[in-house]
Amino acid sequence: MIEVSQIIPYIFLFAALYFQIFLLLTFFENREMIGKRVSRTSTHYPSVAVLVPCYNEEKTVAGTVESLFSLDYPKDKLHIVIIDDGSTDSTFEVMKTFEYHPQVTLLQKENGGKYTALNLGLSLTNTELVGCLDADSFVASNALIEIVKCFDDATIMAVMPAIKIWNPKTVLERMQKAEYDMGIFVRKMFGIMNTIQVTPGAFSLFRKRVFDELGGFKEAHNTEDMEIALRMQSNHYRIENAHMAHVYTVAPNTIRALYNQRIRWTYGFLKNVLDYRFMLFNKKYGHLGILTLPFAIASIIGAVYMAGFVVINFANYMLEKIVKFQTVGFQWDGIGVDWFFLNTQSLPILIIFTLVTTLLILVNGKKLSGGTMKPSRDILYFLLLYGLMAPMWLTKALYNSALSKKSSWK
């Protein structure tokens, strides 16, 4: 009789494979339409305010603001609001170098969290569109114009860009580059399915009426960008993805920094989905409620379970080898391959198919982000390392979620 513990890995792998094939089919069905959207031009230039919340960003805020100055957009239509959220370093002194620039407004307040800084900026803004840009991110010169094109469709209420890693050099940063390229692919498909569940602080733009009608940002477990997206989706406000609007962000360059960042993201996602749990398996919210939110939760639980499954089986394997060594001593079995004994059980085949579809998504994401489909070291690092690292922060985030242990936004 088959034990339940033997069935569960099949369920998680089959679900992962099903979801990835679904994304790939969505991509191939809409590939022509994606190209048409890229070639479309816009003749309307709405007024835009970009809010830049800062907390101890003395090293990057100047570059962030300079990148906004270089945007290919009418200067009289673009206003920049920089908000210092009670930094304890010299962030405000750096901000003051832009004090007399005609496009810039400087604000300073006591530390209250990112959402309070954004809401202060919102309260002083009356433009048609409002954007947010984290002070460790940099926009490409065409990013705003690519995003504004999407607002030609009156049903679009917010647009998120394609986020890439700024100047990746180390193995850890290159691994994240492949991950972000894959994220560009996934979010483009989510945009087509109307299931985007986050409007990142790295240059997402909103119609101002979104905040007039739904209210400002909330604390939302230090992930206000996830909460506002779910709030919009729960009110059937459409969110689009502009995959040619490139925004670059500085990646964590240590394992510790990456670990803490991902715990915060995963914790925030889980807690926000819990707050909006009425959307789960509710056909009123389309693919988001029926497909992507449940699959996202299942992927977190599945990754943790599969990591435990691998660790336990590897430990058992090593114990068997140790017992054998203690019994008969060391025996060299050689490294020859006999194809007659090739493992054709369904679990290895499922794993291979899942890896192949993951690779297809990675290379198509790389192509969609402006690169080529040629495999790269970034993809190799991702395939070798990500599966080893992600279960650690996913496990910790699940633990923190169960105990409601909050993390800071920095």
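Are aspartate 134 and lysine 114 buried or exposed? In this predicted model, aspartate 134 is buried, and lysine 114 is buried as well. Their side chains meet in a salt bridge, with an N to O distance of 2.7 Å. The pair links distant parts of the chain, 20 residues apart. Aspartate 134 sits in the loop between β4 (129–133) and β5 (137–139), whereas lysine 114 belongs to helix α4 (residues 114–123).

Across the whole structure, eleven salt bridges are found. One of them joins lysine 177 to aspartate 181, with the closest N and O atoms 3.0 Å apart. Both residues lie in helix α6, separated by four residues, or about one turn of the helix. Aspartate 181 counts as buried because its relative accessibility is 4%, below the 20% limit for that class. Lysine 177 and aspartate 181 also take part in a network of salt bridges that links them with Arg174 and Asp378.

A further salt bridge is formed by aspartate 212 and lysine 208, whose closest N and O atoms are 2.9 Å apart. Here too the partners are four residues apart, about one turn of the helix, both being placed in helix α7 (residues 208–214). Their accessibilities fall in separate classes: aspartate 212 is exposed, with a relative accessible area of 54%, while lysine 208 is buried, with a relative accessible area of 11%. The limits behind this assignment are over 50% for exposed and under 20% for buried.

The largest nonpolar core comprises 68 residues, and those with the most contacts inside it are Leu23, Phe185 and Met232. Helix α6 (residues 171–193) gives the most to this core, contributing ten residues. Apart from this core lies another, of 41 residues, including Leu68, Phe98, Val139 and Ala202. With neighbours within four places in sequence left aside, methionine 232 is in contact with Met157, Ala158, Phe206, Val210, Leu214, Tyr237, Arg238 and Ile239.

Helix α11 holds both a residue of a nonpolar surface patch, isoleucine 351, and a buried polar residue, threonine 357. The patch, of about 320 Å², is made by Ile351, Leu355, Leu359 and Leu383. Helix α11 (residues 346–368) gives the most to the patch, with three residues. Isoleucine 351 counts as partly exposed because its relative accessibility is 35%, a value that falls between the limits of 20% and 50%.

Threonine 357, in the same helix α11, is buried, with a relative accessible area of 7%. Its side chain is joined to that of glutamine 20 by a polar contact of 2.5 Å. The side chain of threonine 357 also reaches the backbone oxygen of threonine 354, at 2.9 Å. Not counting residues up to four places away in sequence, threonine 357 touches Leu17, Gln20, Ile21 and Leu24. Glutamine 20 is thus named both among the residues that threonine 357 touches and as its partner in the side-chain polar contact.

Note on methods
Residues are numbered from 1 along each chain as its sequence is written. This is a predicted model: local features need pLDDT of at least 70, side-chain atom pairs count only at pLDDT 80 or more; totals for chains, interfaces and linings use all residues. Side-chain values use heavy atoms; hydrogens and water are left out. Patches are made of residues with over 30% relative accessible area and no salt bridge: like charges are joined within 9 Å, nonpolar side chains (Val, Leu, Ile, Met, Phe, Trp, Tyr) within 5 Å. Accessible areas come from the Shrake-Rupley method with a 1.4 Å probe; for residues, only the protein chains shown count as cover. A salt bridge is a side-chain nitrogen of Lys or Arg within 4 Å of a carboxyl oxygen of Asp or Glu. Helices (H or I, at least four residues) and strands (E, at least two) are DSSP runs, numbered from the N terminus. Buried means under 20% relative accessible area, exposed over 50%, partly exposed in between (1.4 Å probe, protein chains only). A nonpolar core is a set of buried Ala, Val, Leu, Ile, Met, Phe, Trp, Tyr and Cys residues joined through side-chain atoms within 4.5 Å. Contact means heavy atoms within 4.5 Å. A polar contact is a pair of N or O atoms within 3.5 Å; within protein, one must be able to donate a hydrogen and the other to accept it, and residues adjacent in sequence count only if both atoms are side-chain atoms.
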